[in-house]
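Here is a short report on one protein model. Look over the sequence and the structure, then read on.

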Amino acid sequence: MAARLCSISAAARRRLRSPELRAGNVAAAAVGRFYSKDNEGSWFRSLFVHKVDPRKDAHSTLLSKKETSNLYKIQFHNVKPECLDAYNSLTEAVLPKLHLDEDYPCSLVGNWNTWYGEQDQAVHLWRFSGGYPALMDCMNKLKNNKEYLEFRKERSQMLLSRRNQMLLEFSFWNEPQPRAGPNIYELRTYKLKPGTMIEWGNNWARAIKYRQENQEAVGGFFSQIGELYVVHHLWVPLVRHMESRIMIPLKISPLQ
């Protein structure tokens, strides 16, 4: 093996000393050899590396409605079992006043008690017309609303826990509108893997037409503040589709 390597090396030296091979040809041959190796390496690396330019657009830009600037807040209140009736009476006395007061840029979309799913729970969905400026305007005014402050103080004695999220609505869903009852509602909540929100929206934009019959689809939202990568779908379901949190509207709910 060593002798063969030496003979090849000697042949190569004789070839390089031949008058036919000019300096320019030597340079071209060297460039070609290194270019070939580089191409070969790039081809090999391409088997394992798939370079994709990341999307820099925000979910709110790609998935939410452009013609409106509505922001939604969903509230989940876990009520002490013995206080649920008193809680409902208290909210029915106070919340409609905020809904009807034109000085507050907010409106009630729906109010429910859970029937199946988490028990002794109240769910409220608010709409802020004007986005975050409307939300801040409303919050600042509520700080000086004595009736509302008393309401919160009394309500706090009835609750075990509470949480909320700020939401945007998917562009392919209809905006929730008041509807006559009686109806039952289903709120399905999904926690998505990070990075899959746009894919989720694109798939549902094609699939939603199959659930628009009988006006089943009420609203579709994704989280903007709070726990991220969370999606909420609100339905008036057919019996065969019931699978998740089933809710009964309160008397004050625009969605009956």
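## Helix H7 and a partner across the chain

In which helix does Ala205 lie? Ala205 belongs to helix H7, which covers residues 197-207. The model is a predicted one. Ala205 counts as partly exposed because its relative accessibility is 38%, and the band for that class runs between 20% and 50%.

Ala205 also has a partner from elsewhere in the sequence. Trp173 is 32 residues apart from Ala205 along the sequence. In space, the C-alpha atoms of Ala205 and Trp173 are 8.1 Å apart.

## The chain as a whole

The protein chain has 256 residues, and 39% of them count as buried. Its secondary structure consists of seven helices and eight strands. The accessible surface of the chain comes to about 15800 Å². Carbon and sulfur atoms hold 56% of that surface.

How much of the contact count comes from residues 24 or more positions apart? Take the contacts in the chain with a separation of 6 or more: such residues account for 81% of them.

## Two more long-range pairs

Glu154 sits in helix H6. With a relative accessible area of 43%, Glu154 is partly exposed. Leu90 is 64 residues apart from Glu154 in sequence. Their C-alpha atoms are 8.7 Å apart in space.

Glu175 is placed in a loop, between E4 and strand E5 (185-191). Its relative accessibility is 24%, so Glu175 counts as partly exposed. Val218 is 43 residues apart from Glu175 along the chain. A C-alpha separation of 7.5 Å links the two in space.

## The largest pocket

What is the volume of the largest pocket? The value is about 410 Å³. The pocket is lined by 23 residues. Those nearest its centre are Lys73, Gln75, Leu142, Tyr148 and Arg152.

Several elements supply the lining. Strand E1 (70-79), helix H4 (84-100), E3, helix H5 (132-142), helix H6 (146-156) and strand E4 (159-169) each give at least two residues. H6 has the largest share, with five residues. By class, the lining of this pocket has 13 nonpolar, five polar and five charged residues.

## The cavity

How many cavities of 30 Å³ or more are there? The count comes to one. The largest cavity has a volume of about 40 Å³.

Which residues line the largest cavity? The lining consists of Ile74, Trp112, Val123, Leu125, Leu187, Phe221, Leu234 and Met247. By class, this lining is eight nonpolar, no polar and no charged.

## Cysteines without a bond

How many disulfides does a search of the whole structure find? The result is zero. Cys106 and Cys138 show the reasoning. The closest cysteine sulfur to that of Cys106 is in Cys138, at 3.6 Å, which is too far for a bond. A disulfide needs the two sulfur atoms within 2.5 Å. Seen from Cys138, the closest cysteine sulfur is that of Cys106, again at 3.6 Å and too far for a bond.

Are these two cysteines buried or exposed? Cys106 counts as buried because its relative accessibility is 8%. Cys138 is buried too, at 3%. The cut-off for buried is under 20%.

## Positive phi in two loops

Most residues other than glycine have a negative phi. Two residues here have a positive value instead.

Asp120 has a phi near 55° and is not a glycine. Where is Asp120 placed? Asp120 is in the loop between strand E2 (106-116) and strand E3 (121-129). Asp120 counts as partly exposed because its relative accessibility is 26%.

Tyr229 has a positive phi of about 60°, and Tyr229 is not a glycine either. The loop that holds Tyr229 runs between strand E6 (217-225) and strand E7 (230-235). At 30% relative accessibility, Tyr229 also counts as partly exposed.

Note on methods. Residues numbered from 1 in each chain as written. Predicted model: local features only at pLDDT ≥ 70, side-chain atom pairs only at ≥ 80, totals over all residues. Heavy atoms only, no water. Helix = DSSP H or I, 4+ residues; strand = E, 2+ residues; numbered from the N terminus. Buried < 20%, exposed > 50% of the residue type's maximum accessible area, 1.4 Å probe, protein only. 1 Å grid on protein atoms, 1.4 Å probe; cavity = no way out; pocket = protein on both sides within 12 Å on 5 of 7 lines; lining within 4 Å. Points joined across faces, edges and corners; volume = space filled by probe spheres on them. Nonpolar A, V, L, I, M, F, W, Y, C, P; charged D, E, K, R; others polar. Contact = heavy atoms within 4.5 Å. Areas by Shrake-Rupley, 256 points an atom, 1.4 Å probe, with all protein chains shown as cover.
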